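Please look through the structure shown here, and keep the sequence at hand while reading. The paragraphs that accompany it are meant to be followed with the model open.

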Amino acid sequence: MILALYVLFVSCVNPVFLSASNLINIFRATGFTLIVVVGMTDVLITAGLDLLVGSAFALGAIICGMCASAGWPLPLAIAMGILTGVVFGFVIGGIIVKTGIPPLIVTLGMQYVGRGLVSVLIKDVPIYPLPKAFVTIEQTKVFGIIPIIVPISILLAIAGHIVLSKTVFGRSAYAIGGNQEAAKIPGINIRVYVITATLAAIFGILMASRLGSAEPSTGSGFELKVICGAIIGGISTFGGMGTILGASMGALFMGIVTNSLALMEISAYWQNPVFGIILMAFVLTEKETVRLMAILRSLQQQGIACIYISHKLDEVFKLCDRMILLRDKRWISEYQKPDGYDPTKVIEGMIRRRLDVLYPIIDKQIGGELLRVEPFRVPHPFAYGKSIIQDVSLTLRKGEILGHDISTFSRHRKKCCTN
């Protein structure tokens, strides 16, 4: 509805907006954004974040351009550009999964790494000219009218929709978003970053073909536009919610806004502020979520029946008296409060796999004593006569994990041991 009203408003301001040539321009620009939005949707659904897409975009274009300019066969040059995105995505996903560092930090750091590699490779000098056969790729038109980027982006969006809605990978991605127990599902977090970086590299290659050169500065800030399009399309920043169709509409909305601002003769410098305001307007804040929960509880106390649809198991467990699990639009199982809510059973129903098979419990024997610490104290560096740690004793045995939690500013000391 909002999109339709906005289109009506712009068409009244400038009738050229609905002309055939301008609509083709909108779909062409949207196609480029949509390619990466498909991948960003996967990342956001798993409650992740990827700020690397701009660097993957530039690096894919640069590697492909260098290979093509060096006389490599065109298919091989394109494959090298795509492979660059695959490698970058695999590295990012591996770091996030293996180290537990937040995706924001990892992708932000790798963004600088990617930009640095671009500068090292070409010293910030564009690769120009590119072979004519490469330049004509993006100029190809279907039926002599539709730019090739439009059907490519649509096919990728359809493939993304099928993967998310019909495969175990897609169900696992939704299960991961917001559910800590499901976050242990192996390989999913790595794959979503590989997909996003690969699609960003493909986008960079197609943009280099369109421009006729591989520019080192291209793609700068593009990640924010992609994230904005996905969120506007209904993808939750908390994970586990959204569809490729909604994200596609968000990408189209971004394309329409960009095009309409130009037609209404609004300076391009105002685009980023406009996108920022739109993004904030479309995000449901944590405060609004708490208010929604309070409203539902109030209705429940008044005896009013409610149907609450959510991927957040914590919210469902706290709020609902009965839960029905659907998968692929079909009834799977039903759980009744208070003793029927087993997070493990629910997640297994969501992903159609048994967690005890994925993560078998290994019995380990606790061996003999390896380390004994008698009461000791650590003096406070700034307060004479006081201690940070006082009268602490512990014993560590072979095959044992010992946790010791000490609150610096509390008189209470806690000790826990997990075998």
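What follows goes from the chain as a whole to its nonpolar cores, then to one helix, one pocket and the cysteines.

The model is a predicted one, and its chain contains 16 helices and 8 strands. Of the 419 residues in the chain, 42% are buried. When contacts between residues at least 6 apart in sequence are considered, 65% of them join residues at least 24 apart.

The largest nonpolar core comprises 61 residues, and those with the most contacts inside it are Val36, Met40, Ile92 and Phe203. Helix 3, which spans residues 53-69, gives the most to this core, with 11 residues. If neighbours within four places in sequence are left aside, Val36 is in contact with Val53, Leu199, Ala200, Phe203, Phe222 and Val226. Another core, of 14 residues, lies apart from the one that holds Val36, and its members include Leu3, Ile232, Phe253 and Ile278.

Two of the residues in contact with Val36, namely Phe222 and Val226, are also among the buried residues of helix 10. This helix runs over residues 222-232, and because 9 of its 11 residues are buried, helix 10 is largely enclosed by the rest of the structure. The buried residues of helix 10 are Phe222, Glu223, Val226, Ile227, Cys228, Gly229, Ala230, Ile231 and Ile232. Just after helix 10 comes Gly234, which takes a positive phi of about 100 degrees.

Helix 10 also takes part in a pocket lining: together with helix 2 (20-45), helix 9 (188-211), helix 11 (244-263) and helix 12 (271-282), helix 10 supplies at least two residues each to the lining of the second largest pocket. The volume of the second largest pocket is about 610 Å³. This pocket is lined by 26 residues, of which Phe222, Lys225, Thr258, Gln271 and Phe275 are the closest to its centre. By residue class, the lining of the second largest pocket divides into 12 nonpolar, 13 polar and 1 charged. Phe222 thus appears in several parts of this description, as a contact of Val36, as a buried residue of helix 10, and as one of the residues closest to the centre of the second largest pocket.

How many disulfides does the structure hold? There are 0. As for the surroundings of individual cysteines, Cys12 has a relative accessible area of 60% and is therefore exposed, the cut-off being over 50%. Cys228, by contrast, counts as buried because its relative accessibility is 3%, which falls under 20%.

How values were computed
Residues numbered from 1 in each chain as written. Predicted model: local features only at pLDDT ≥ 70, side-chain atom pairs only at ≥ 80, totals over all residues. Heavy atoms only, no water. 1 Å grid on protein atoms, 1.4 Å probe; cavity = no way out; pocket = protein on both sides within 12 Å on 5 of 7 lines; lining within 4 Å. Points joined across faces, edges and corners; volume = space filled by probe spheres on them. Helix = DSSP H or I, 4+ residues; strand = E, 2+ residues; numbered from the N terminus. Nonpolar A, V, L, I, M, F, W, Y, C, P; charged D, E, K, R; others polar. Disulfide = S-S within 2.5 Å. Buried < 20%, exposed > 50% of the residue type's maximum accessible area, 1.4 Å probe, protein only. Core = buried A, V, L, I, M, F, W, Y, C linked by side-chain atoms within 4.5 Å. Contact = heavy atoms within 4.5 Å.
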